[in-house]
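Okay, thanks for coming, everyone. I'd like to walk you through one model today, so have a look at it first.

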Amino acid sequence: MEKIKVTLGKRSYPIIIGSSVLEHDSIFYPLQSGEQAMLVTNKTLANLWKDQLLYELRKSGIKVDQVILSDGEQYKTINEMEVIISALLEKQHSRDTTLIALGGGVIGDITGFAASIYQRGVRFIQIPTTLLSQVDASVGGKTGVNHILGKNMIGTFWQPSSVIINLNYLSTLSSTELISGLAEVIKYAIIFDSKFFSWIEDNLHLLLILQEKEITYCIKKCCEIKSKIISLDERESNLRAILNLGHTYGHAIESHSGYGSWLHGEAVSVGIVMSARTSEMLGYLKNRDTKRIINLLTRAGLPTRGPKNMPPSSYLPYIMRDKKVISGTVRLILPISIGQARIQNAVDKNIILAAIKECQ
């Protein structure tokens, strides 16, 4: 069992990684015997993992209720979040309750958002079930829901009390879900660590078959990188924005196509390539590095071209609503080399359009 600490003063918390970790004593920290909790999951995961988790919680003496949401990015809405609030009120949960998110990024984001606003804030625990949520979405305290005009436009920063990463959950992922998660893994390597990028190139086949040693190292590496960045810039004032490589373009694809049409990792993969092309056009990234990035994404089974029915001009309204836009000025996260990225201010819209066109 591996353990990482996210250092945020009084709001610091552990990330625990391993197989069958739910069976360990005191794993549901900070929950203690006799305390109240609400498990939040979706219909698909309820059939797979809910009963096992409820058993472990009740064995630990925790009084747990449950709420089951619809499954899919299209349900990452205020209405679904209100279902959680209603369940908490109906079951008379007080300010000392703890919400437990069992699911991928959608469940984690909605549950965290509900926890941040229920009675002005209660504790919550992340138990991520997808590779994407284990390496990225469950760590860092970003919560929220989507709006028809933009992804994750309604939300809060609310850190979990702990993150419990059970590797066993990955065994039931579809190949497309697993591959989607690899986009975020590759993103970390492009931004921060060229040696990690080379390691992924050499070990990609082992990650795709969920070889335990390699997948554990991969998840731990990503969590270490993200926890360090969060400790330095919790609320994305500057440095943390770099973690959004590929997301400005990717969120545009998700919003335009209809939430759920493209998996998040698929859209981010295309966004990474568009960011690489943008950087190349600005004279930063070398073409050989762009080709290496595209080759790795392709080998992983990820898309590198945007939707055929989405012309370059369609991206701009979403890009202008991106949370990194300040006073009408577009800011993009661009790879400078494999292992280094930067925040680029005032990117010319003609270059943005040209980069998108390269990836059509």
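**Around helix α8**

Let's start in the middle of things: the buried residues of α8 are covered by elements including β8 (150–157), α5 (175–192), α9 (264–281), α11 (312–320), β10 (331–337) and α12 (349–358). Contact here means heavy atoms within 4.5 Å. Helices (H or I, at least four residues) and strands (E, at least two) are DSSP runs, numbered from the N terminus.

Before I go on, the ground rules. This is a predicted model, where local features need pLDDT of at least 70 and side-chain atom pairs count only at pLDDT 80 or more, while totals for chains, interfaces and linings use all residues. Residues are numbered from 1 along each chain as its sequence is written, and side-chain values use heavy atoms, with hydrogens and water left out.

Back to α8. Nine of its 11 residues are buried, so the rest of the structure largely encloses this helix. By buried I mean under 20% relative accessible area; exposed is over 50%, and partly exposed is in between, with a 1.4 Å probe and protein chains only. The buried set is His247, Thr248, Tyr249, Gly250, His251, Ala252, Ile253, Glu254 and Ser255. After α8 comes glycine 258, which has a positive phi near 100°.

Now the sheet. It's an open one with seven strands, in the order β1-β2-β9-β6-β5-β3-β4, and the pairing is mixed. Two strands count as paired if DSSP finds at least two bridges between them. β1 and β4 (63–69) are at the edges with a single partner strand each, so each has one side without a neighbour in the sheet. From one strand to the next, the twist averages 20°. For angles, axes are lines fitted to C-alpha atoms, for helices over the stretch in contact, and the values run from 0 to 180 degrees between N-to-C directions.

At the β1 end, strand β1 (residues 2–6) pairs with strand β2 (residues 13–18) in the antiparallel sense, over five bridges. Lysine 3 has isoleucine 16 in β2 as its bridge partner. Six residues sit between the strands of this hairpin, and glycine 9 there takes a positive phi near 60°.

Further along, β3 and strand β5 (residues 98–103) run parallel, joined by four bridges. Alanine 37 is opposite threonine 98 in β5. Helix α3 (residues 105–117) lies across β3, β4, β5 and β6 (123–128), at about 170° to β5.

Then the backbone oddities. Most residues other than glycine have a negative phi, and most peptide bonds are trans. Serine 26 isn't a glycine, yet has a positive phi of about 60°; it's in the loop between β2 and β3 and, at 68% relative accessibility, exposed. Proline 30 is in the loop between β2 and β3 (36–42), and a cis peptide bond joins tyrosine 29 to it, with omega about 10°. Glutamate 236 also has a positive phi of about 60° without being a glycine, but at 19% relative accessibility it counts as buried. You'll find glutamate 236 in the loop between α7 (212–232) and α8 (247–257).

One last stop: which side chain makes a polar contact with threonine 290? That's glutamate 280, at 3.0 Å. A polar contact is a pair of N or O atoms within 3.5 Å; within protein, one must be able to donate a hydrogen and the other to accept it, and residues adjacent in sequence count only if both atoms are side-chain atoms. Threonine 290 is in helix α10 (residues 287–299) and is buried, with a relative accessible area of 1%.
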